[in-house]
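Welcome! Please take a moment with the sequence and the 3D view below, and then we can walk through them together.

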Amino acid sequence: MKKFRHRLLDSRSVTEKIQIFTRLLLTIVMISCSMLANFATTNAAVIMLQSQNDSVYPVSATDLLHGIAPTSKSQIFDREGLNSDTSGISLTNGSFGPLGLTGVNPEVSIINNGGLLVYDLPFSTDIFEIATYTGWRDSGRSKQDFTVSVSTDSGLSWNLLYNVASVPGGMSQEVRLIDSVGAPLAVNINAIKFEFPNTQNGYVGYREIDVFGSPAVPEPSMMVIGTLFGLGGLMAKRRMKK
Ligand SMILES: [Ca+2]
Ligand SMILES: [Ca+2]
């Protein structure tokens with residue numbers, strides 16, 4: 001089959017070869033446009049799922065942020081002499097910690113109004129889910145309110161992904177962000193930012209931030225460019241052989 005194709009191409013004039021090549025390029029561009037259109041419409045809607053409880057939530061110790069400290073943070077400090085975690089590392093340690101509050105609370109990060117957390121991801125990632133958890137002694141500081149933004153250029157620019165405004169509930173709360181059709185929430189992401197401009201009653205006890213995803217796959221446009229380069233190289237090689 002390969003030899004037949006080569007003979008077919010060899011038997012044609014340069015003009016015919018150019019016409020064949022042009023038709024091939026047009027076909028590839030049309031297919032890529034179709035793929036891009038599908039790509040653009042797949043992650044149409046971010047859905048927020050939430051639940052309130054008076055219990056410990058299971059959190060992930062294998063998500064993308066596990067063990068990662070924030071590259072930037074602000075307004076995370078102790079309140080009420082609770083001896084909470086002020087480094088932010090408790091948010092990515094794979095543990096919810098005990099229900100409620102005790103004399104010492106290293107599993108609680110108290111995020112105050114104007115709070116900020118920025119994380120660099122270990123590799124360019126297609127993000128499929130973000131889950132966040134709070135826990136307090138009552139329902140007075142467990143309500144989750146924040147914005148999450150994502151970046152493809154290590155934080156030089158940001159795109160708002162979702163504005164979380166949950167409802168108040170029990171001592172603990174879970175918020176999950178997923179896509180309505182199971183597509184990635186965002187692709188090719190290498191940094192993620194959480195901002196807390198207005199928290200419930202001024203500060204809230206956060207327990208964990210889980211981000212789930214997989215290494216980014218090349219976008220269709222990049223695949224097309226790669227294919228065009230490949231075809232161009234092939235044609236050039238064939239001309240040189242003549
Ligand atoms: Ca985690
Ligand atoms: Ca934790």
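## A strand with two partners

Let's begin in the middle of a sheet. Strand 5, residues 145–151, pairs with strand 6, residues 159–165, in the antiparallel sense, and six bridges join the two. If you would like a spot to look for, find Phe146, which stands opposite Val164 in strand 6.

Strand 5 also pairs with strand 8, which covers residues 186–196; this pairing is antiparallel too and has five bridges. Here Val150 is a handy landmark, standing opposite Ile192 in strand 8.

## The chain as a whole

Now step back to the full chain. Three helices and nine strands make up its secondary structure. Starting at the N terminus, you meet two helices, then the nine strands one after another, and a helix at the end.

How much of the chain is buried? Of its 242 residues, 29% are buried. Among contacts with a separation of 6 or more, 81% join residues that are 24 or more positions apart.

## How far to trust the model

Keep in mind that this is a predicted model. The chain has a mean pLDDT of 85, with 72% of the residues at 70 or more. At residues 1–5 the pLDDT is below 50, and the stretch has zero contacts beyond near neighbours in sequence. Residues 31–42 also have a pLDDT below 50, but this stretch has nine contacts beyond near neighbours in sequence in the model.

A word of care for such places: where pLDDT is low, the predicted coordinates should not be read in detail.

Conventions
Residues are numbered from 1 along each chain as its sequence is written. Chains are lettered from A and ligands numbered from 1 in the order in which they are written. This is a predicted model: local features need pLDDT of at least 70, side-chain atom pairs count only at pLDDT 80 or more; totals for chains, interfaces and linings use all residues. Helices (H or I, at least four residues) and strands (E, at least two) are DSSP runs, numbered from the N terminus. A residue is buried if 20 or more other C-beta atoms lie within 10 Å of its own, exposed if 12 or fewer, and partly exposed in between; C-beta atoms are placed from the backbone. Two residues are in contact if their C-beta atoms, placed from the backbone, lie within 7 Å. pLDDT is the predictor's confidence in each residue, from 0 to 100. Two strands pair if DSSP finds at least two bridges between them.
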